[in-house]
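The following exercises are to be worked with the sequence and the model at hand. Each task is followed by a solution in steps.

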Amino acid sequence: MIRQFIYLTLLVTATGATAGPTIQTLAGTGRPGFAGDAGPAKEAQLNQPFGLSLGPDRALYFCDTNNQCIRRIATDGTITTIAGTPTRKGYTGDNGPALKATLNVPYELRFDQSGDLFVVERMNHCVRKIDMKTGTISTLAGNGKPGYAGDGGPASAAQFNQPHAIQFDPAGDLYVCDILNHRVRRIDMKTLTISTWAGTGEKKPTPDGAPLAGTPLFGPRAIDFDKQGNAYLALREGNAIYRIDAATRTIHHLAGSGQKGFTPDPVAALMAGLNGPKGVALGPDGQIYLADTEAHAIRMIDPKTGTLSLLAGTGKKGDVETNVPAQCSLNRPHGIYVAPDGTIYI
């Protein structure tokens, strides 16, 4: 028998001078399934949790991806479902209650400045909005059909091809990693028009220092922004992390040699082997954290020294649970979120 390990994990970075970081399981029993609503999150069953984010209410929201729903963990540790019809795939329910809608592989979620929740659905090729005051769901972008179309027009009529991650910039506009189109798309949240922000659609290497316009991106999977509007982009197929300078609109190589691997650390970030990174998050300390998915690890880039270090995981798939992050085995971490207090959720 091969056991499937599925956890939503909380990594707590200690702030004391002598204490080290610790890791603990926040939700999930390790057995795939759907169960536990209205009870303790640690006793709930999940099925491939991916993207996650803290909400304005300090609750943790996450995509329970193979259960086709969005779930919420309250500050008292209670878990509930807030969107989707658990275990049912579909694309129904727009303009009605989110709990009666069907989703199809929800991958990532983010809150806007007003506190509404946005979810990207990889196999519905769309981004949907949940009004958190009314509980109503609607489609913001994508017509549900795979393809590449719609730039310059309404986002709701556009086509994506398996979009993977979303993030808002400081101005409030939404960016979508359109992975099979090898592009990042931008939705102007005032006009609700869509455009291609980065990428050419070509499966080619990304040159360091190149202008953003006309430069290829090979597998853009995850994106985050700093307060100045600079973007941090994980390329899964490119096995690299890039920084996009908001002022100069140039793209700069931060980490990853381009080769698959798990280089022992600490190591010069540009020389390190990465293996299919699918998550990136900027911390309040200015460090860049990434879910190095196929390396089964959480890693950290120090932009001041240009080094990459291991934060959690051993580099080998497993489920050895311990409160010491570097000794705790992980199994294909996807989503990563860093809270303002430095707590890391994976």
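**Exercise 1. Determine how many helices and strands the protein has, and assess its overall dimensions.**

Step 1. The protein has zero helices and 27 strands, where helices (H or I, at least four residues) and strands (E, at least two) are DSSP runs numbered from the N terminus. This is a predicted model, in which local features need pLDDT of at least 70 and side-chain atom pairs count only at pLDDT 80 or more, while totals for chains, interfaces and linings use all residues. Residues are numbered from 1 along each chain as its sequence is written, and side-chain values use heavy atoms, with hydrogens and water left out.

Step 2. The radius of gyration, taken over C-alpha atoms, is 19 Å, close to the 20 Å that the globule rule gives for 346 residues, so the protein is as compact as a globular protein of that length. The globule rule is 2.2 Å times the number of residues to the power 0.38.

Step 3. Along the principal axes, the C-alpha atoms fill a box of roughly 50 × 50 × 40 Å.

Step 4. Of the 346 residues, 56% are buried; buried means under 20% relative accessible area, exposed over 50%, and partly exposed in between (1.4 Å probe, protein chains only). The accessible surface comes to about 14000 Å², and 52% of it belongs to carbon and sulfur atoms. Accessible areas come from the Shrake-Rupley method with a 1.4 Å probe; for residues, only the protein chains shown count as cover.

Step 5. Among contacts with a separation of 6 or more, 42% are between residues 24 or more positions apart; contact means heavy atoms within 4.5 Å.

**Exercise 2. Establish the strand order of the open sheet of four strands and identify its edges.**

Step 1. The order is E3-E4-E5-E6, with antiparallel pairing; two strands pair if DSSP finds at least two bridges between them.

Step 2. Strand E3 (49–54) and strand E6 (79–83) each have a single partner strand and stand at the edges, so one side of each is left without a neighbour in the sheet. From one strand to the next, the twist averages 30°, with axes fitted as lines to C-alpha atoms and angles running from 0 to 180 degrees between N-to-C directions.

Step 3. Strand E5 (residues 69–73) is joined to E6 by four bridges, and isoleucine 70 stands opposite alanine 83 in E6.

Step 4. Serine 53 lies in the edge strand E3. At 4% relative accessibility, serine 53 counts as buried. Its contacts, not counting residues up to four places away in sequence, include Tyr61, Phe111 and Tyr337.

**Exercise 3. Describe the open sheet of five strands and the hairpin of E12 and E13.**

Step 1. The five strands follow the order E21-E25-E24-E23-E22, and their pairing is antiparallel. Strand E21 (267–268) and E22 form the edges; each has a single partner strand, so one side of each lacks a neighbour in the sheet.

Step 2. Five bridges connect strand E24 (residues 297–302) with strand E25 (residues 307–312). Methionine 300 has serine 309 in E25 as its bridge partner.

Step 3. E12 and E13 form a hairpin with five residues between them, and glycine 172 in the turn has a positive phi of about 95°. The two strands pair in the antiparallel sense over five bridges, with isoleucine 166 opposite valine 176 in E13. In strand E12 (residues 163–168), six of the six residues are buried.

**Exercise 4. Which residues have the most contacts inside the largest nonpolar core, and which strand gives the most to this core?**

Step 1. A nonpolar core is a set of buried Ala, Val, Leu, Ile, Met, Phe, Trp, Tyr and Cys residues joined through side-chain atoms within 4.5 Å. The largest has 34 residues, and those with the most contacts inside it are Val184, Trp197, Ile223, Leu233, Ile301 and Leu308.

Step 2. Elements giving two or more residues include strand E15 (193–198), strand E17 (220–225) and strand E18 (231–235). E18 gives the most, with five residues.

Step 3. Tryptophan 197 touches, among others, Tyr175, Val184, Ile223 and Arg249, not counting residues up to four places away in sequence. A second, separate core of 17 residues includes Val127, Ala155, Ala158 and Ile194.
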